[in-house]
Amino acid sequence: MTLANDIDAAAAFVLARQRQRPSVGIILGSGLGSLAESVEGPVHIPYREIPGFAPTTVEGHKGEMVFGQMEGKTVAVLQGRLHAYEGYSPQQITFPVRVLKAIGCGVLMVTNAAGGLNPAYLAGDLMLISDHLNLPGMIGHNPLYGPNDPLLGPRFPDMSQAYDPGLRDLARQVAAELGFSLREGVYVMLGGPSYETPAEVHFLRVIGADAVGMSTASEVVVARHSAMRVLGVSMISNVIPLPTPGAAAGAGQHGIEGPLGHEEVLANAAKAAPRFVSLLRGVLRRL
Ligand code: HPA
């Protein structure tokens, strides 16, 4: 079976299960699953039923595709994403993106919970992703490794405008109308699952990252390979103060009491969820 065959099989399966033909795909990050609850006329398809989809194993990631209407658009929401640290290959993680494209999505909205590296950021901020640093990809964990199928996309896809300037304009307009500030910055993807040491935090800041997480860049590589237009939004779930030289990592390093944990990430994501949902809805309305 080739990749194209696998994509066709999964696409045929989800299109047979429900009648809607989505134009926008949305990937929901840690703790941001509540957006799926505002989908109208939802049809839920668990990942475990879809051929070729790996199951989600992380708390806060439900593992369902949700089809329905939002702001007059037909959407396909991936409620729960797959990560490299779960033991999945870059190709497995991005297979759902291939399927979104195959069933008609020309736009991908990709979201995540991320740690804020930019000293101006506060927990709960929303950051428009202007660009990314794909660290796993740069050392060989790129989902496009292996034979290229020219029917899926070019061997050497351009990434100079990976995050669509027009969609970013729309997001800025929506945030301005809703009256909240929207950060804009560079997202760096790491493999995880361990959080960063102070030396790694320092390194990430030096190389130009504003926010750090364990997802997204691989999905965006495949989305661009597939000629999808991408909007990326990070929810800053915790802030990571830059280490002072010589200081050890300690309690409060992430702007929270005690060491950073996934529970804090989920709790802060839940607090920012209403703004996050209104931002995405506003962009959908204007598409
Ligand atoms: N580091 C890496 N990934 C994350 C973080 C973080 O601080 N917060 C949410 N995802």
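Let me start with what surrounds the ligand in this predicted model. Its shell counts 14 residues, and the closest of them are Ala113, Gly115, Glu196, Asn238 and Ile240. By class, that shell divides into 8 nonpolar, 5 polar and 1 charged residues.

Where in the fold does the shell come from? Three strands each supply at least two of its residues: E5, residues 107–116, E8, residues 211–213, and E9, residues 229–239. Strand E5 gives the largest share, with 3 residues.

Now the polar contacts. A side-chain N or O atom of Asn238 lies 2.8 Å from a nitrogen atom of the ligand. For Glu196, again with an N or O atom of the side chain, the distance to a ligand nitrogen is 2.9 Å. Ala113 takes part through its backbone: a polar atom there is 3.4 Å from a nitrogen of the ligand. As for burial, the ligand on its own has 260 Å² of accessible area, and the protein covers 96% of that. The site itself is the largest pocket, and the ligand sits in it.

That is the pocket. Next, the enclosed space.

How many cavities of 30 Å³ or more does a search of the whole structure find? The search returns 2. The largest holds about 50 Å³ of space, and the second largest about 30 Å³.

Take the largest cavity. Its lining consists of Ile27, Tyr47, Leu78, Gly80, Arg81, Leu82, Ile93, Pro96, Val97 and Glu219. Sorted by class, these are 7 nonpolar, 1 polar and 2 charged residues. Which element gives the most to this lining? Helix H2, residues 90–102, does, with 3 residues.

The second largest cavity has a lining made up of Leu82, His83, Ala84, Ile93, Met189, Met214, Ser215, Thr216, Ser218 and Glu219. Here the classes come out as 5 nonpolar, 4 polar and 1 charged.

If you put the two lists side by side, Leu82, Ile93 and Glu219 appear in both linings.

To recap for anyone with the structure open: the ligand is in the largest pocket, with Glu196 and Asn238 placing side-chain N or O atoms at 2.9 Å and 2.8 Å from ligand nitrogen atoms. For the cavities, the volumes to keep in mind are about 50 Å³ for the largest and about 30 Å³ for the second largest.

Key: Residues are numbered from 1 along each chain as its sequence is written. This is a predicted model: local features need pLDDT of at least 70, side-chain atom pairs count only at pLDDT 80 or more; totals for chains, interfaces and linings use all residues. Side-chain values use heavy atoms; hydrogens and water are left out. On a 1 Å grid over the protein atoms alone, a cavity is a set of points where a 1.4 Å probe fits but cannot get out, and a pocket is an open set with protein on both sides within 12 Å along at least five of seven lines; lining residues have an atom within 4 Å of a point. Grid points are joined across faces, edges and corners, and a volume is the space filled by probe spheres set on the points. Helices (H or I, at least four residues) and strands (E, at least two) are DSSP runs, numbered from the N terminus. Ala, Val, Leu, Ile, Met, Phe, Trp, Tyr, Cys and Pro count as nonpolar, Asp, Glu, Lys and Arg as charged, and the others, Gly among them, as polar. A residue is near a molecule or strand if one of its heavy atoms lies within 4 Å of it. A polar contact is a pair of N or O atoms within 3.5 Å; within protein, one must be able to donate a hydrogen and the other to accept it, and residues adjacent in sequence count only if both atoms are side-chain atoms. Accessible areas come from the Shrake-Rupley method with a 1.4 Å probe; for residues, only the protein chains shown count as cover. A molecule sits in a cavity or pocket if more than half of its atoms lie within 2 Å of its grid points.
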